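Trainee: I would like a close look at a single part of this model, the largest pocket. Please also cover the charged pairs elsewhere in the chain.

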Amino acid sequence: MESRLATLGENELDLLKILWDIGSGTVREINAYSQGLGFRWAYTTVQTMLNRLEAKGFLTSDKSGHSHVFSAAVSRETVAKQRLNDLAHQLFDGTASPLVLALVEGQKFTADEIGNFRKLLDRLEQSNEQAP
């Protein structure tokens, strides 16, 4: 079973999303990018949030140079899976199917996306048939 990630605050999640987008950066680079997105965090606020995210295990930092370079230590998919799993537990007593149905109902999907859904359902069906 995957290890449990710490809780993310909304600002921390916003900062983590920035790192997923840019890959890595110093506090100054990350702060400048966030300003371009409309966030108005002070440099020291960004530095504090980055240090907290690193302490929680969401980021790593390279401290070999003059400035620390921060990078995401977890993928967007890992965080999404955990948050959706938490939501399924909170709303549906751990049952995922009502959550999945709520996510897809009323949405428009491309033919490729629908094809990917079909492949996933086929794999799930096969694994259920092979299970004892």
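Mentor: A definition comes before the pocket: Ala, Val, Leu, Ile, Met, Phe, Trp, Tyr, Cys and Pro count as nonpolar, Asp, Glu, Lys and Arg as charged, and the others, Gly among them, as polar. On that scheme, the lining of the largest pocket splits into 14 nonpolar, 2 polar and 2 charged residues. The model is a predicted one, and every value here is computed from it.

The volume of this largest pocket is about 580 Å³. Its lining consists of 18 residues, and those nearest the centre are Leu84, Ala96, Val100, Leu103 and Leu120. Three elements each give two or more residues to that lining: α4, α5 (97–104) and α6 (111–130). The largest share comes from α4, with 6 residues.

Helix α4 also takes part in a salt bridge. Arg83 pairs with Glu10 through their side chains, at 3.4 Å from N to O. This pair links distant parts of the chain, as Glu10 belongs to helix α1 (residues 10–22) and Arg83 to helix α4 (residues 76–92), with their positions 73 residues apart in the numbering. Arg83 has a relative accessibility of 36%, so the residue counts as partly exposed.

In general, side chains of opposite charge can pair when their charged atoms come close. A search of the whole structure gives 5 salt bridges, and two others are described here.

One is within helix α1, where the side chains of Asp14 and Lys17 meet at 4.0 Å, N to O. The cut-off is within 4 Å, and this pair is counted as a salt bridge. Asp14 and Lys17 are separated by about one helical turn because they are 3 residues apart in helix α1. Their exposure is described by two classes. Asp14 has a relative accessibility of 19% and therefore counts as buried, the class for values under 20%. Lys17, with a relative accessible area of 35%, is partly exposed.

The other salt bridge joins Lys63 and Glu54, whose closest N and O atoms are 3.1 Å apart. Lys63 counts as partly exposed because its relative accessibility is 48%, and the upper limit of that class is 50%. Glu54 is partly exposed as well, with a relative accessible area of 22%.

To return to the pocket: its lining holds 14 nonpolar residues, and α4, which gives the largest share of that lining, is also the helix that carries Arg83.

Definitions and conventions: Residues are numbered from 1 along each chain as its sequence is written. This is a predicted model: local features need pLDDT of at least 70, side-chain atom pairs count only at pLDDT 80 or more; totals for chains, interfaces and linings use all residues. Side-chain values use heavy atoms; hydrogens and water are left out. Helices (H or I, at least four residues) and strands (E, at least two) are DSSP runs, numbered from the N terminus. Buried means under 20% relative accessible area, exposed over 50%, partly exposed in between (1.4 Å probe, protein chains only). On a 1 Å grid over the protein atoms alone, a cavity is a set of points where a 1.4 Å probe fits but cannot get out, and a pocket is an open set with protein on both sides within 12 Å along at least five of seven lines; lining residues have an atom within 4 Å of a point. Grid points are joined across faces, edges and corners, and a volume is the space filled by probe spheres set on the points.
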